[in-house]
Amino acid sequence: MLVILGLFTCFLSLLYATAPSLRKYFAGGVCRTNVQLPGKVVVITGANTGIGKETARELARRGARVYIACRDVLKGESAASEIRADTKNSQVLVRKLDLSDTKSIRVFAEGFLAEEKKLHILINNAGVMLCPYSKTADGFETHFGVNHLGHFLLTYLLLEQLKESAPARVVNLSSVVHHAGKIRFHDLQGEKYYCSGFAYCHSKLANVLFTRELAKRLQGTGVTTYAVHPGIVSSELTRHSVLLCLLWRFFSLFVKSTREGAQTSLYCALVEGLEPLSGKYFSDCKRTWVSPRARNKKTAERLWNVSCELLGIQWK
């Protein structure tokens with residue numbers, strides 16, 4: 001017992017001694033471009049908190065007109081007020097968007113299109129994770145409905161304005177856990193079998209497949225798209241899991257801050273010359289590999305068609 005205690009003490013001592021180096025390593029890549037955004041218009045979903053908020057802060061700092069699209073308008077206004085004070089950019093606006101309700105998505109898009117003539121960057125950042133089984137207002141399983149279908153519909157509704165504003169970009173937040181995902185066409189709504197962890201993985205795979213297929217269909221339009229793994233980040237996304245909240249706190253040295261987690265989103269939104277890599281998947285500010293399932297062309301095409309059918313839209 002004394003030997004084990006001694007070894008554990010040595011381990012902790014070594015851990016704390018190397019803490020600065022470990023933090024720097026696990027912080028990951030940094031977006032170092034100096035690109036400025038005066039006159040540019042940006043929409044970020046779920047930017048009232050977490051990675052989205054830090055992404056909005058940096059884009060506002062670079063002079064963009066930033067729309068925080070979120071379900072909780074009060075939190076959104078609080079975040080916008082903080083960002084305006086921090087960046088001295090008054091053009092940080094809040095609009096209600098509930099991705100679990102297609103009516104709300106359509107209302108948001110209609111209002112935005114009436115308000116703005118341009119849209120240069122769309123960042124599909126919002127998401128849910130490890131939710132108990134539930135369905136959206138339209139009857140979709142919550143992870144699939146919010147993380148994939150909600151952003152699929154939003155992008156569809158805003159696409160013509162993105163094209164008119166080209167060059168423009170769409171950034172979709174996915175996750176490394178897409179490697180554990182599978183598109184279960186026979187049970188997309190999780191009615192036959194449901195596990196919150198796998199439901200999240202499936203939705204993140206859908207994000208990568210959507211990005212791939214969207215890039216193919218946008219060739220020649222001047223609009224490019226990228227999928228992003230932000231890293232393991234300390235954010236409100238883990239609020240449905242007490243265990244994950246505790247683990248994130250215990251292993252804080254290895255978990256990114258929200259500012260660090262925003263770097264790859266910023267990289268894909270800002271860095272010049274990224275157009276040839278449209279449809280690719282990025283982590284730590286560089287292109288990285290995706291799972292074999294995420295490279296399946298037939299699955300990507302079928303998911304696209306099924307998504308259109310579920311949403312009642314025609315998107316050629």
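This is a short talk on the overall build of one predicted protein model and on some of its salt bridges.

Okay, housekeeping before we look around. Because the model is predicted, local features need pLDDT of at least 70 and side-chain atom pairs count only at pLDDT 80 or more, while totals for chains, interfaces and linings use all residues. Residues are numbered from 1 along each chain as its sequence is written, and side-chain values use heavy atoms, with hydrogens and water left out.

So, the big picture. We've got 11 helices and 8 strands; those are DSSP runs numbered from the N terminus, with helices being H or I over at least four residues and strands being E over at least two. There are 316 residues, and 54% of them count as buried. Buried here means under 20% relative accessible area, exposed means over 50%, and partly exposed is in between, using a 1.4 Å probe and protein chains only.

Take the contacts with a separation of 6 or more: 78% of them come from residues 24 or more positions apart. A contact, by the way, is heavy atoms within 4.5 Å. On the outside, the accessible surface is about 15,300 Å², and carbon and sulfur atoms own 57% of that. Those areas come from the Shrake-Rupley method with a 1.4 Å probe, and for residues only the protein chains shown count as cover.

Now, salt bridges. The rule is a side-chain nitrogen of Lys or Arg within 4 Å of a carboxyl oxygen of Asp or Glu, and that gives us 17.

Have a look at helix α3, residues 50-61. Which residue does Glu-54 meet there in a salt bridge? That's Arg-57, at 3.1 Å from N to O. The two sit 3 residues apart in the helix, so about one helical turn separates them. Glu-54 is buried at 16% relative accessible area, and Arg-57 is buried too, at 10%.

Arg-57 has another partner, Glu-82, with the closest N and O atoms 2.7 Å apart. This pair ties together distant parts of the chain, since Glu-82 lies in helix α4 (residues 73-87), 25 residues away from Arg-57 in helix α3. Glu-82 is partly exposed, at 36%.

Elsewhere, Asp-187 and Arg-184 pair up at 3.1 Å, N to O. Buried or exposed, what is Asp-187? Buried, at 6% relative accessibility; Arg-184 is buried as well, at 17%.

Last thing: salt bridges with shared partners join Lys-53, Glu-54, Arg-57, Glu-58, Arg-61, Arg-62, Glu-82 and Asp-86 into one network.
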